[in-house]
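User: Please take a close look at the site around the ligand in this model, and then set it beside the empty spaces elsewhere in the protein.

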Amino acid sequence: MSRPRDAVVRRGMRHILRAIAGEPGMFTLAVLASSVYGGMTVASAWVIGKVTDRVILPAFADGATTAGALTLAVAAIMGVAVLKIVGILGRRLFAGVMSYRLQAEYRRRVTGQYLRLPLSWHQRHPTGQLLSNANSDVEAAWFFVAPLPFACGALVMIAITAVALVLTDPLLALVGLVVFPLVFAVNVVYSQVMSPRMQRAQQLRAEVSEIAHESFDAALVVKTLGREDVETQRFGARAEELRDSLVAVGRVRGLFDPMMEALPSLGTLAVLLIGAVRVADGATDAGELVAIAYLFTLLALPIRAIGWVLADLPRALAGYDRVTPVLDATGETPYGPEAAPVGSGGAGLGVQDVGFTFDGQTQATLEGVTFDVPAGSTIAVVGPTGAGKSTLAGLLVRLVDPVGGRVLLDGLDLRRLREGELSAQAAFVAQSAFLFDDTVRGNVTLGADVTDQDVWTALRTAAADDFVAALPEGLDTRVGERGASLSGGQRQRLALARAVIRRPRLLVLDDATSAVDPAVEARILDALRASEEPSTVVVVAYRQATIALADEVVWIEQGRALARGTHEQLLAEVPGYAALVKAYSQIEGVLA
Ligand code: ADP
């Protein structure tokens with residue numbers, strides 16, 4: 001039992017050092033300001049003592065005092081008070097800057113990792129968790145920093161008090177020697193009792209936000225299938241757990257907080273009790289006793305600050321522990337040193353002996369896939385569901401890297417290209433088109449500096465010009481969240497225009513026109529091929545009309561490229577291909 005307890009304290013101390021190392025300048029300034037405050041607090045006790053001795057007691061004795069003595073007393077009290085204010089201001093300001101800078105720095109690191117890490121990593125981590133990592137976990141990790149300089153200043157105050165006590169009266173010093181270690185002992189026990197409860201609460205916070213996120217995302221399913229009650233229950237159950245765990249945290253706090261608060265007051269009481277006897281004996285004088293008693297009452301707040309830091313450390317560790325796996329995650333796409341081959345028009349594409357297996361799976365999704373696509377030609381990739389077509393499409397634009405073999409762009413392995421080179425050469429359009437909550441123009445240009453004329457040309461190629469022209473505000477029409485105000489086929493065509501406007505030398509369409517009717521789909525492919533310098537197009541397709549427009553077809557079955565040829569050749573030679581194409585034509589016919 002003692003080992004994990006030690007670990008909490010040791011890890012907590014290391015976390016404090018991490019915070020200080022992260023912002024040494026701000027920390028030093030805040031501690032300096034806090035020490036000024038601490039010093040002035042002690043000084044104010046000393047001034048009160050001196051004023052008692054020199055002004056108040058003589059005044060009681062004589063029944064009068066001088067204006068000079070009063071002025072001096074007021075000036076001393078005011079001076080100390082002003083410096084104390086400066087100390088508080090500085091401490092709050094610098095501690096705040098330190099805390100928020102650390103939060104900002106770690107938010108940047110976490111989001112930087114989100115951008116760097118590959119798609120496979122994102123697929124393993126729910127969105128709600130990513131949100132809470134970047135938000136509440138980072139916040140929790142550095143929240144304790146705000147009272148940290150105060151707590152360090154309090155240590156200075158306690159040291160000064162201890163010395164003052166010993167110098168004034170060794171017997172009174174004994175009170176300090178009992179109270180201060182007791183404060184630390186209570187705090188250590190507190191953080192150990194609190195730690196697991198805080199961890200649980202932080203975990204539940206993330207889970208609640210995960211469920212909420214998923215439910216909102218699935219609004220359509222929830223509403224149309226009448227799952228409101230079930231979702232409410234699912235959310236409610238976890239929210240109740242969170243509530244219970246926060247209540248448990250509150251109980252512990254409720255027990256320890258008054259104890260922390262009471263200790264310095266009990267110290268004051270003890271000082272007064274023992275001190276009264278000492279003054280009566282003549283071992284110490286009244287002024288000194290008042291000063292020490294006052295010091296004890298003043299120490300109550302800074303001692304609480306130490307408590308705040310130690311109390312928040314378990315939560316900080318819980319948050320930090322949830323953030324570190326993101327910061328330590330590796331697997332970002334490695335880039336090579338080379339620029340993409342210069343050229344206009346389509347790029348030549350080579351797929352050589354490519355194999356791919358998803359993480360944690362034993363069965364390969366793609367195996368020994370080899371084919372080439374001559375520059376400027378259009379190739380249709382056809383195969384049954386689950387054959388590996390989408391996986392292959394992703395490999396062509398380096399969403400993932402092959403486990404074996406190579407993908408070549410104009411003869412150059414994609415892995416040898418510098419960052420940003422491939423995305424300037426190749427564009428990928430997936431079946432589910434994602435639109436931003438922006439205008440049509442914004443969704444097509446994605447902020448690039450392009451003329452409206454180019455936007456219209458791209459829309460025309462994507463057969464989207466007619467419907468955009470009919471929108472109330474044309475290019476300036478806002479499409480709503482995820483393009484909610486458009487039909488599926490319209491969204492797909494905007495996504496296609498977004499790819500086309502970049503004039504990619506390689507265009508990979510993964511069933512990207514599935515919601516567009518066949519005649520329009522054929523028009524789009526025709527337009528893509530008709531330009532002066534046509535892109536190389538790889539299209540994952542099902543419809544005969546689309547496939548027939550391709551120069552050649554690659555037939556994929558169970559992760560292998562089993563045949564390659566023109567549509568007619570494959571119809572004649574590959575029974576599986578003929579059956580699949582026929583089945584789809586029949587469905588199209590029925591639908592038509
Ligand atoms: P297609 O596009 O031909 O329908 P996919 O390339 O989407 O096929 O999928 C090929 C196989 O890989 C399927 O068996 C599918 O279950 C599996 N698969 C796809 N994505 C993943 C993933 N992220 N993790 C594990 N397996 C996957």
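Analyst: The model is a predicted one, and its domain assignment gives domain 1 (5–328) and domain 2 (349–591), whose centres, taken over C-alpha atoms, are separated by 57 Å.

The ligand is surrounded by Gln123, Phe358, Gln361, Thr365, Pro384, Thr385, Gly386, Ala387, Gly388, Lys389, Ser390 and Thr391. Divided by class, this shell has three nonpolar, eight polar and one charged residues, and its largest share, three residues, is contributed by helix α11, which covers residues 389–396.

Backbone atoms come up repeatedly in the contacts with the ligand. A polar backbone atom of Gly388 is 2.9 Å from an oxygen atom of the ligand, and a backbone N or O atom of Lys389 likewise lies 2.9 Å from a ligand oxygen. For Ser390, a polar backbone atom is found 2.8 Å from an oxygen atom of the ligand. As for cover, the ligand has 560 Å² of accessible area on its own, and the protein covers 61% of that area.

The empty spaces can be taken next. Rolling a probe the size of a water molecule over the atoms shows where empty space is left. The structure holds one cavity of 30 Å³ or more, and the volume of the largest cavity is about 40 Å³. Its lining is made up of Leu395, Arg398, Val400, Asp401, Pro402, Val407, Asp413, Leu414 and Arg415, which divide into five nonpolar and four charged residues, with no polar ones. Leu395, one of the residues lining this cavity, falls within the range 389–396 of helix α11, the helix that also gives the largest share of the shell around the ligand.

Among the pockets, the second largest has a volume of about 550 Å³. Of the 20 residues that line this pocket, Thr461, Val500, Arg503, Ser531 and Glu533 lie nearest its centre. Two or more lining residues come from each of the elements α14 (452–461) and α17 (518–530), and α14 provides the largest share, five residues. By class, the lining of the second largest pocket has nine nonpolar, six polar and five charged residues, whereas the shell around the ligand has one charged residue beside its eight polar and three nonpolar ones.

Taken together, the ligand site is described by its shell of residues, Gly388, Lys389 and Ser390 among them, by the share of the shell that comes from helix α11, and by the 61% of the ligand's accessible area that the protein covers.

How values were computed. Residues numbered from 1 in each chain as written. Predicted model: local features only at pLDDT ≥ 70, side-chain atom pairs only at ≥ 80, totals over all residues. Heavy atoms only, no water. Near = heavy atom within 4 Å. Polar contact = N/O pair within 3.5 Å; in protein donor to acceptor, adjacent residues only side chain to side chain. Areas by Shrake-Rupley, 256 points an atom, 1.4 Å probe, with all protein chains shown as cover. Helix = DSSP H or I, 4+ residues; strand = E, 2+ residues; numbered from the N terminus. Nonpolar A, V, L, I, M, F, W, Y, C, P; charged D, E, K, R; others polar. 1 Å grid on protein atoms, 1.4 Å probe; cavity = no way out; pocket = protein on both sides within 12 Å on 5 of 7 lines; lining within 4 Å. Points joined across faces, edges and corners; volume = space filled by probe spheres on them. Domains from an automatic or database assignment.
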